[in-house]
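Biologist: Got a minute to walk me through this one? I'd like to go over the ligand shell, a helix and a few odd residues.
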Amino acid sequence: MTYLSRLIIGVIGNDIHVVANRVLARGLRQAKYDVCNLGVSALPHDFIAAAVEHEADAVIISSINGEGETWVHELRQSFNNLGRHSILLYIGGNLAIGDHPREEVESSYLKLGFDRAYHRPSSLDILLEHLALDLVKSK
Ligand code: B12
């Protein structure tokens, strides 16, 4: 039997923008991933609990309203504390309020322990490419 990589997705914080979440869930399922979708307004501990419960390979967070950074400071450390050092952490969407250079915004999330960050990406293809690469490396 082929092992399906398990992913937790959701929109973090007080963020009710749902469209990207639906697009992402559909795209990832079509790409044959096993997706647990927390939907909108998901809190950091929801991602952590779901990842532990489902023995997830990766957590893919969306932030659309620009408040993402305030919610994710402790996330990598929380997974490390649970012994889940190798879980992949991705974040994408509108990752800052206002206009800032993409590299600057993305690097601030990488410094917080994310494996990949995507500020206003033009397409989801890059996510599928990176996920396929990183999941092979992490197993
Ligand atoms: C529709 C909409 C709303 C609707 C949401 C309805 C709903 N249930 O979804 C309503 C009217 C309710 C709303 C409310 C608000 N909104 Co609004 N909204 C929009 C709007 C017009 C479209 C969003 C959308 O659905 N786009 C389509 C989806 C497919 O695209 P997306 O969300 O941008 O996501 C793309 C990428 O971000 C990426 N992506 C997302 N997640 C991930 C994850 C990964 C890993 C990857 C790789 C990619 C990725 O993929 C998508 C496709 O490329 C945008 C402006 C715009 N034109 O984008 C503003 C916008 C997102 N809203 C904004 C704001 C500020 C708000 C409010 C705070 C306004 C207010 N003061 O009340 C509230 C939020 C309240 C809350 N608690 O969240 C801002 C965010 C500003 C920022 N981040 O810099 C925007 C950008 C408008 C603006 N230009 O200022 N909004």
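Modeller: Sure, we'll take those topics one by one, and keep in mind that this is a predicted model.

Biologist: How many residues surround the ligand, and which are the closest?

Modeller: The ligand has 25 residues around it, and the closest are Ala20, Ser62, Gly66, Gly92 and Asn94.

Biologist: What's the mix by class in that shell?

Modeller: There are 14 nonpolar residues, nine polar ones and two charged ones.

Biologist: And which element gives the largest share of the shell?

Modeller: That's α1, with four residues. Helix α1 (19-30), β3 (58-63) and β4 (88-93) each contribute at least two.

Biologist: Let's stay on α1, then. Which of its residues are buried?

Modeller: Asn21, Leu24 and Leu28 are buried in α1. They sit on the same side of the helix, because the arc they cover around the axis is only 65 degrees. That fits the usual picture: an α-helix has 3.6 residues a turn, so residues three or four places apart point the same way.

Biologist: What do those buried residues pack against?

Modeller: Against β1, β2 and β3. The face turned away from the buried side has exposed residues instead: Val19, Arg22, Val23, Arg26 and Gln30.

Biologist: How far apart are the ends of α1?

Modeller: The end C-alpha atoms are 17 Å apart. With 12 residues at 1.5 Å a residue, α1 should span 16 Å, so the two agree. After the helix comes Lys32, which has a positive phi near 75 degrees.

Biologist: Which other residues have a positive phi without being glycine?

Modeller: Glu55 and Arg120 both do, the former at about 50 degrees and the latter near 50 degrees. Most residues other than glycine have a negative phi.

Biologist: Where do they lie, and are they buried or exposed?

Modeller: Glu55 is in the loop between α2 (44-53) and β3. It counts as exposed because it has 9 other C-beta atoms within 10 Å. Arg120 is in the loop between β5 (116-119) and α6 (125-138). Arg120 has 13 C-beta neighbours inside 10 Å, so it counts as partly exposed.

Biologist: New topic: what about Asn37, where is it and what does it touch?

Modeller: Asn37 is in strand β2, residues 34-37. Leaving out residues up to four places away in sequence, Asn37 touches Ile9, Gly10, Asn21 and Ala25. Asn37 is buried because it has 20 C-beta neighbours inside 10 Å, and 20 or more is the cut-off.

Biologist: And Gly93?

Modeller: Gly93 is in strand β4, and it's buried too, with 24 other C-beta atoms within 10 Å. Not counting neighbours within four places in sequence, its contacts are Ala20, Ser62, Ser63, Ile64 and Gly68. Gly93 and Phe79 are 14 residues apart in sequence, but 22 Å apart in space, C-alpha to C-alpha.

Biologist: Last one: which residues touch the most other members in the largest nonpolar core?

Modeller: Of its 34 residues, those are Leu7, Ala58, Val59, Ile87, Tyr90 and Ile91. Elements supplying at least two residues of this core include β1 (6-11), α4 (75-81) and β5.

Biologist: What does Ile91 touch?

Modeller: Setting aside residues up to four places away in sequence, Ile91 touches Ile61, Ser63, Gly68, Val72, Tyr109, Phe114 and Ala117.

Note on methods: Residues numbered from 1 in each chain as written. Predicted model: local features only at pLDDT ≥ 70, side-chain atom pairs only at ≥ 80, totals over all residues. Near = placed C-beta within 6 Å. Nonpolar A, V, L, I, M, F, W, Y, C, P; charged D, E, K, R; others polar. Buried ≥ 20, exposed ≤ 12 C-beta atoms within 10 Å, placed from the backbone. Core = buried A, V, L, I, M, F, W, Y, C linked by C-beta atoms within 7 Å. Contact = placed C-beta atoms within 7 Å. Expected span 1.5 Å × (residues − 1). Arc of directions from axis to C-beta.
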